[in-house]
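Work through the following exercises with the model open beside you, and try each task before reading its solution.

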Amino acid sequence: MTAKNAPLLDAIAGKTPSRTPVWFMRQAGRSLPEYRQVREGIPMLDSCFMPELLAEITLQPVRRHDVDGAILFSDIVVPLKAAGLPIDIVPGRGPVLADPIRTIEDVNNLPILDTDVLEVQEGIRIIQEELTEQQTLIGFAGAPFTLASYLIEGGPSKNHEKTKAMMHAEPEVWHALMQRLTPTIINWLRGQIDAGIEAMQLFDSWAGYLTERDYREFVLPYSAEILTSVKDIPRIHFGVGTGEILGAMSEAGSEVMGIDWRVPLDVAAKRVQAKVLQGNLDPAILFAGTEAMTREINRIKSEAAAAIEAGDAIGHVFNLGHGVMPSTDPDAITEAVRIIHS
């Protein structure tokens with residue numbers, strides 16, 4: 001079903017929504033007992049290619065929490081896996097590649113996703129059969145810098161030293177890698193759009209490790225190309241620890257800028273200029289009880305309202321400043337949504 005009266009889409013369009021729209025990054029995941037039950041014994045990446053299962057996992061938090069957005073259950077490396085790259089997710093560590101990218105030959109041998117991922121498209125269609133016209137399905141893609149870092153480091157990294165070294169010592173290899181990744185991400189998103197997503201978020205999880213200068217030179221052109229390719233639906237752009245590069249990130253072309261919990265929304269609004277803001281409750285506040293959650297949620301809503309009143313923003317979508325932690329009490333998430341909607 002196509003969303004026609006959805007608070008989330010209204011907020012992004014600068015309209016007055018019927019209630020403050022909210023969804024949470026990682027809302028579909030280990031915080032939910034029903035997720036752990038259906039995923040038992042099934043590897044993470046396998047579950048992303050099982051239509052009924054990915055639909056079920058995507059819908060679980062919508063049913064339980066009454067959130068306004070369903071985020072497609074996936075992982076940042078799914079399009080690489082779909083293209084044929086031998087990448088896996090190791091429990092407790094994350095995506096791991098046995099043979100990291102080191103040379104231009106490695107880059108040239110990197111497969112490109114050039115076809116639709118039919119299992120994911122079927123999952124999207126199943127999801128849309130259950131969502132109401134007030135609920136919005138949000139597509140998902142990892143941004144090229146974050147994907148490149150996984151490929152170069154061979155897995156998650158605390159410092160991204162090999163990634164930054166390639167940028168500065170072998171810029172031609174770096175740019176070739178980004179040019180190789182960009183069509184895979186575009187094709188991945190176009191396939192989701194064709195299947196029925198109504199908005200999308202580009203996650204640049206590690207972009208906050210970059211200076212603004214490096215972001216502009218080595219990342220921004222590629223993220224902008226990706227966002228331009230999907231301009232027929234609302235676009236959200238998000239990274240963690242990106243307060244110092246929010247202005248540059250906002251130039252990539254999204255309607256919505258996701259803000260982590262470190263920067264107040266009214267301050268962030270002045271850095272991105274007249275965008276819709278998304279965020280930005282600290283995920284740890286979900287452990288602090290109803291009184292603390294209410295206080296922090298009201299503060300964030302007030303900051304968003306002040307930014308809109310000042311003309312620095314045109315709307316607000318409530319979210320966390322990063323993802324739901326696995327040990328979060330599901331009832332606390334439901335309670336936070338109730339407070340946000342009230």
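**Exercise 1. Locate Asn280 and describe the peptide bond that joins Gly279 to Asn280.**

Solution. Begin with the position: in this predicted model, Asn280 belongs to the loop between β8 and α15. Then inspect the backbone, where the bond joining Gly279 and Asn280 is a cis peptide bond with an omega of about -5°.

**Exercise 2. Follow the chain from β8 to β9, and determine how the two strands pair and which hand the crossover has.**

Solution. First take the pairing: β8 (residues 275–278) and β9 run parallel and are joined by four bridges, with Lys275 standing opposite Ala313 of β9. Next trace the connection, which passes from β8 through helix α15 (residues 290–309) to β9 as a right-handed β-α-β crossover. Finally consider the surroundings of β9 (residues 313–317): four of its five residues are buried, so the strand is largely enclosed by the rest of the structure.

**Exercise 3. Decide whether Asp312 is buried or exposed, and find the polar partner of its side chain.**

Solution. Asp312 is found in the loop between α15 and β9. Its relative accessible area is 11%, and because buried means under 20%, Asp312 is classed as buried. The side chain of Asp312 makes a polar contact of 2.8 Å with the side chain of Lys270. Leaving aside residues up to four places away in sequence, the residues touched by Asp312 include Ala269, Gln273, Ala274 and Ala307.

One of these neighbours, Ala274, deserves a further step. Ala274 lies in the loop between α14 (265–272) and β8, is partly exposed with a relative accessible area of 42%, and has a positive phi of about 55° although it is not a glycine.

**Exercise 4. Carry out the corresponding analysis for Glu198, giving its location, its burial and its polar contacts.**

Solution. Glu198 is placed in the loop between α10 and β5 (199–204), and with a relative accessible area of 10% Glu198 is buried. Two contacts can then be listed: the side chain of Glu198 is joined to that of Gln128 by a polar contact of 3.3 Å, and a polar atom of the Glu198 side chain lies 2.8 Å from the backbone nitrogen of Leu137.

**Exercise 5. Establish which residues of helix α9 are buried, and where they lie around its axis.**

Solution. In α9 (residues 161–169) the buried residues are Thr163, Met166 and Met167. They cover an arc of only 100° around the axis, which puts them on the same side of α9. The helices against which these buried residues pack are α8 (144–153), α10 (171–195) and α11 (212–218).

**Exercise 6. Identify the residues with the most contacts inside the largest nonpolar core, and the element that gives the most to it.**

Solution. The largest nonpolar core has 121 residues, and those with the most contacts inside it are Trp23, Phe24, Leu151, Trp174, Leu177 and Tyr215. The element giving the most to this core is α10, with 12 residues. As an illustration, take Leu151, which touches, among others beyond four places away in sequence, Leu80, Ile101, Leu177 and Leu181.

**Exercise 7. Assign the covered and uncovered faces of strand β2, and describe its pairing with β3.**

Solution. In a regular strand the side chains alternate between the two faces of the sheet. In β2 (residues 87–90), Ile87 and Ile89 form the covered face, whereas Asp88 and Val90 form the uncovered one. β2 pairs with β3 (residues 94–97) in the antiparallel sense over four bridges, and Ile89 has Pro95 as its bridge partner. The two strands form a hairpin with three residues between them, and Gly92 in the turn has a positive phi of about 85°.

Methods: Residues numbered from 1 in each chain as written. Predicted model: local features only at pLDDT ≥ 70, side-chain atom pairs only at ≥ 80, totals over all residues. Heavy atoms only, no water. Buried < 20%, exposed > 50% of the residue type's maximum accessible area, 1.4 Å probe, protein only. Pairing = 2+ DSSP bridges. Right-handed = clockwise from strand over helix to strand, strands pointing away. Polar contact = N/O pair within 3.5 Å; in protein donor to acceptor, adjacent residues only side chain to side chain. Contact = heavy atoms within 4.5 Å. Arc of directions from axis to C-beta. Core = buried A, V, L, I, M, F, W, Y, C linked by side-chain atoms within 4.5 Å.
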